[in-house]
Amino acid sequence: MVVDRSVYIEKLQRSKRNGLIKIITGLRRSGKSFLLKQLFKKHLLSEGISENHIIIIDMESRKNKMFKNPDYLLDWVENQIQDEAVYYIIID
């Protein structure tokens, strides 16, 4: 069963392109990751955002431990950006 999170999706939608970083907080296992990595991604795709313009980094994964170095993270993200279009970077 998927819980409708349209209120949160609408809040994220309204605050897009305002130049601020969005931080989602909440209790452990409350659906923050699902909201961003599934629901918000689906929303972006439905708006015509290309999948390669949505970058998701799972910091819980051991294979991504190098991203804990902010200089490495910044360099990696900058290398992913291929054009002047808007990119969405989701760090979980």
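Which residues make up the largest nonpolar core? In this predicted model, that core has eleven residues: I9, L12, L35, L36, L39, F40, L44, I49, I54, Y88 and I90. Three elements, namely helix 1, helix 2 and strand 2, each give two or more residues to this core. Helix 2 provides the largest share, with five residues.

One member of the core, L44, illustrates how the chain is brought together there. When neighbours within four places in sequence are set aside, L44 is in contact with K16, I49, I54 and Y88. Of these partners, I49, I54 and Y88 are themselves listed in the largest nonpolar core. A separate core also exists apart from the one just described; this other core has six residues, including I55, I57, F67 and Y87.

The account now turns from the core to the largest pocket. Its volume is about 1,200 Å³, and 30 residues line it. Those that lie nearest the centre of the pocket are K22, L36, I89, I90 and I91. Two of these residues, L36 and I90, also appear in the largest nonpolar core. Helix 2, spanning 32-46, and strand 2, spanning 88-91, each supply at least two residues of the pocket lining. Helix 2 gives the most, with six residues. Helix 2 is thus a recurring element of this description: the largest share of the core comes from helix 2, and so does the greatest contribution to the lining of the largest pocket. In terms of residue class, the lining comprises 14 nonpolar, six polar and ten charged residues.

The backbone between the helices deserves separate attention. Most residues other than glycine have a negative phi. Against that background, two arginines in the loop between helix 1 and helix 2 may be examined, R17 and R29. R17 is not a glycine, yet its phi is positive, at about 60 degrees. For R29, which is likewise a residue other than glycine, phi is near 65 degrees, again a positive value.

Are these two loop residues buried or exposed? R17 has a relative accessible area of 67% and is therefore exposed, the cut-off for that class being over 50%. R29 also counts as exposed, because its relative accessibility is 78%.

Taken together, the description joins a nonpolar core of eleven residues, a pocket lined by 30 residues, and a loop between helix 1 and helix 2 in which R17 and R29 are found.

Note on methods. Residues numbered from 1 in each chain as written. Predicted model: local features only at pLDDT ≥ 70, side-chain atom pairs only at ≥ 80, totals over all residues. Heavy atoms only, no water. 1 Å grid on protein atoms, 1.4 Å probe; cavity = no way out; pocket = protein on both sides within 12 Å on 5 of 7 lines; lining within 4 Å. Points joined across faces, edges and corners; volume = space filled by probe spheres on them. Helix = DSSP H or I, 4+ residues; strand = E, 2+ residues; numbered from the N terminus. Nonpolar A, V, L, I, M, F, W, Y, C, P; charged D, E, K, R; others polar. Buried < 20%, exposed > 50% of the residue type's maximum accessible area, 1.4 Å probe, protein only. Core = buried A, V, L, I, M, F, W, Y, C linked by side-chain atoms within 4.5 Å. Contact = heavy atoms within 4.5 Å.
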